[in-house]
Amino acid sequence: MNLLLSTCPLTGEQIRSYREDGYLILPSFFDNERIEAVLDEADLLRRTDLVDPLNLRCRFMPSVKTGEPLFEVFDPIIDISPASASLAHDAQLYAVLHALYGEPASLFKDKLIYKPPGARGYGIHQDWISWPGFPRSFLTVLVALDEADVSNGCTRVYSGMHRNGCLAPENGEYHQFSPDDMGIARRIDLELEPGDIAIFTGFTPHCSEANLSSQDRRQLFLSYNAQSDGGDLRAWHYADFQRRRRQSSYQDSPHAFFR
Ligand SMILES: O=C(O)CCC(=O)C(=O)O
């Protein structure tokens, strides 16, 4: 038996609280050196001609001040950033996911969100979307690259709401919710230090405010599925995702929001 997988990297209490609350924070998961390597690559990449509204891997967010589109996301990222790939495929991270799933995990999606100063935030939503084949076991590992707090628009999750499953009609559309829809669920601000990770399920409602600071708020969003829930779906996902983006109003509105 694989020695790594035979030693559970999480306590029973951590696994219980992830199942109960729909999220889990693991401080100082990655060391500074590995985070700095991602930041160096992130910095280089945004200065290349990859950043283009017609590049399907790029997304833009309007500035809250001027409305101008600000470059915000590379999706996918690991094929152009070896340092990000190394975090996405980290053995210790896979061991944690194995403990949460009770079986091996498979990388599904990977994005780098820069959230530059002035970028608008995200309304309350669930990541799971009822596209055919979209795995219900979807979860996301958020890797903090910069310090994240309320002033720069940290991600916020609603504790326990994932237990209600999909909160919207399962019609393949993207849905947003109001704070009232969250009832009495506690809103948790994921205030993180570089190297911390937060894991949340595809049904955990989350959102963020605008970045009102003068610095980027960079984070990797690495998403996985349980192996028994479709196996290795990443290539299929990106083919499907990019086909949808091509068919959407994307060409008319290249900065349209689309997860
Ligand atoms: O950038 C954030 O804080 C939230 C991003 C998000 O919700 C998403 O990509 O689905």
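This is a short walk through a predicted model, from one helix to two groups of strands and then to three unusual spots in loops.

Start with helix 3, which covers residues 32-45. How far apart are its end C-alpha atoms? They are 20 Å apart. That agrees with expectation, because 14 residues at 1.5 Å a residue should span 20 Å. Now look around the helix. Ile 35, Val 38 and Ala 42 are buried. These residues cover an arc of only 60° around the axis, so they sit on the same side of helix 3. The other side has exposed residues: Asn 32, Glu 33, Asp 40, Asp 43 and Leu 44. What covers the buried residues? The cover includes helix 4 (82-88), strand 4 and strand 11.

Follow that cover to strand 11, residues 219-226. Is this strand mostly covered or mostly open? It is mostly covered, with seven of its eight residues buried. Strand 11 also has pairing partners. Strands can pair through backbone hydrogen bonds, in a parallel or an antiparallel way. Strand 4 (residues 105-113) pairs with strand 11 in the antiparallel sense, over eight bridges. To find this pairing, look for Ser 106, which stands opposite Asn 225 in strand 11. Strand 6 (residues 139-144) is also an antiparallel partner of strand 11, here over six bridges. In this pairing, Leu 139 faces Tyr 224 of strand 11. So strand 4 links two parts of the picture: strand 4 helps cover the buried residues of helix 3, and strand 4 pairs with strand 11.

Next comes an open sheet. It has four strands in the order 5-10-7-8, and the pairing is antiparallel. Which strands stand at the edges? They are strand 5 (122-125) and strand 8 (187-189). Each has a single partner strand, so one side of each is left without a neighbour in the sheet. From one strand to the next, the twist averages 25°.

Strand 7, residues 155-158, is a good place to trace the pairing. Three bridges join strand 7 to strand 8, and the two run antiparallel. Here Val 157 stands opposite Ile 188. Arg 156 has Asp 189 of strand 8 as its bridge partner. Strand 7 also pairs with strand 10 (residues 206-208), again antiparallel and over three bridges. In that pairing, Thr 155 stands opposite Ser 208. One general point helps when you look at such strands: in a regular strand, side chains alternate between the two faces of the sheet.

Finally, turn to the loops. Pro 76 lies in the loop between strand 3 (69-74) and helix 4. The peptide bond from Asp 75 to Pro 76 is cis, with omega near 10°.

Two other residues have a positive phi without being glycine. One is Ser 28, with phi near 50°. Ser 28 is in the loop between strand 1 (23-26) and helix 3. The other is Lys 115, with phi near 40°. Lys 115 is in the loop between strand 4 and strand 5.

Is Ser 28 buried or exposed? Ser 28 counts as exposed, because it has 11 C-beta neighbours inside 10 Å and the cut-off for exposed is 12 or fewer. Lys 115 is buried, because 28 other C-beta atoms lie within 10 Å and the cut-off for buried is 20 or more.

Terms used
Residues are numbered from 1 along each chain as its sequence is written. This is a predicted model: local features need pLDDT of at least 70, side-chain atom pairs count only at pLDDT 80 or more; totals for chains, interfaces and linings use all residues. Two strands pair if DSSP finds at least two bridges between them. Axes are lines fitted to C-alpha atoms, for helices over the stretch in contact, and angles run from 0 to 180 degrees between N-to-C directions. The expected span of a helix is 1.5 Å times one less than its number of residues. The arc is that of the directions from the helix axis to the C-beta atoms. Two residues are in contact if their C-beta atoms, placed from the backbone, lie within 7 Å.
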